[in-house]
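Q: Please take a close look at one part of this model, the strand pairing. Walk me through it in one connected answer.

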Amino acid sequence: MNKKVFLFAITLGVTLFFAACNDDDTIAKPEITILELGEGDSHGNDHIAKVGGELHIEVEVVAEGKIDKVQVIIHPEGEHKSIIEHGEWELDTTYTKFSGLKNTTFHEHVDIADWAEPGEYHFDFIVTDMEGNQSSAESDIEIIEE
Ligand SMILES: [Zn+2]
């Protein structure tokens with residue numbers, strides 16, 4: 001190998017190396033996989049919870065940019081009515097205890113109020129990472145009379 005070709009090879013190699021590093025700078029948005037949603041008593045996965053009971057939530061989160069906060073929202077399905085006007089049960093909880101983690105299996109139970117109307121509800125799981133990226137996953141759940 002003569003000197004010129006050798007230098008060219010090095011230059012090419014260095015260029016490719018930096019190009020590869022630049023690609024790595026793009027931090028992937030959090031990945032959310034809902035594993036289980038169900039009754040709190042049995043850690044079920046039938047997407048059903050009871051009025052006055054608990055909803056068991058198990059969700060896999062992978063966040064290359066590290067988790068900042070996790071938000072869980074449950075709201076009645078259908079028309080988005082104002083809670084204040086209609087007095088409907090909704091849940092909006094933000095968890096910060098997973099802050100700084102690159103991945104976690106979120107396992108929490110939330111209380112369903114004993115005055116919640118039975119019916120179809122919508123479950124939203126929103127993860128914001130420390131880079132400001134946000135991802136969400138959603139699912140339908142049913143709240144039934146105890
Ligand atoms: Zn559970």
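A: Two strands count as paired when DSSP finds at least two bridges between them. Keep that cut-off in mind for what follows. The model is a predicted one.

Start with a pair. Strand 4 covers residues 67–76, and strand 7 covers residues 119–129. They run antiparallel and are joined by 9 bridges. With a cut-off of at least two bridges, strands 4 and 7 therefore count as paired, given their 9 bridges. One position shows the register: Val 70 has Val 127 of strand 7 as its bridge partner.

Now place that pair in its sheet. Strands 4 and 7 belong to an open sheet of 5 strands, ordered 2-8-7-4-5. The pairing in this sheet is mixed. Its edges are strand 2, residues 48–50, and strand 5, residues 91–95. Each edge strand pairs on one side only. From one strand to the next, the twist averages 25°.

As background, strands of a sheet pair through backbone hydrogen bonds, and the direction can be parallel or antiparallel.

Next, the other sheet. It is open too, with 3 strands in the order 1-3-6 and antiparallel pairing. Strand 1 (31–39) and strand 6 (103–111) are at the edges. Each has a single partner strand, so one side of each lacks a neighbour in the sheet. Here the twist from one strand to the next averages 15°. Strand 3, residues 54–62, is joined to strand 6 by 9 bridges in the antiparallel sense. Within that pair, Glu 54 sits opposite Asp 111 of strand 6.

What lies between strand 2 and strand 3? Val 51 is in the loop there. Strand 2 is an edge of the 5-strand sheet, and strand 3 belongs to the 3-strand sheet. Why does Val 51 count as partly exposed? The reason is its 17 C-beta neighbours inside 10 Å; buried needs 20 or more, and exposed means 12 or fewer. Val 51 also has contacts beyond four places in sequence, among them Ile 112, Pro 118 and Ile 143. Its C-alpha atom is 6.3 Å from that of Ala 113, although the two are 62 residues apart along the chain.

Finally, the whole chain. It has 2 helices and 8 strands, arranged along the sequence as α-β-β-β-β-α-β-β-β-β. Of contacts with a separation of 6 or more, 69% link residues 24 or more positions apart. Of its 146 residues, 16% count as buried.

Key: Residues numbered from 1 in each chain as written. Predicted model: local features only at pLDDT ≥ 70, side-chain atom pairs only at ≥ 80, totals over all residues. Helix = DSSP H or I, 4+ residues; strand = E, 2+ residues; numbered from the N terminus. Axes fitted to C-alpha atoms, helices over the stretch in contact; angles between N-to-C directions. Contact = placed C-beta atoms within 7 Å.
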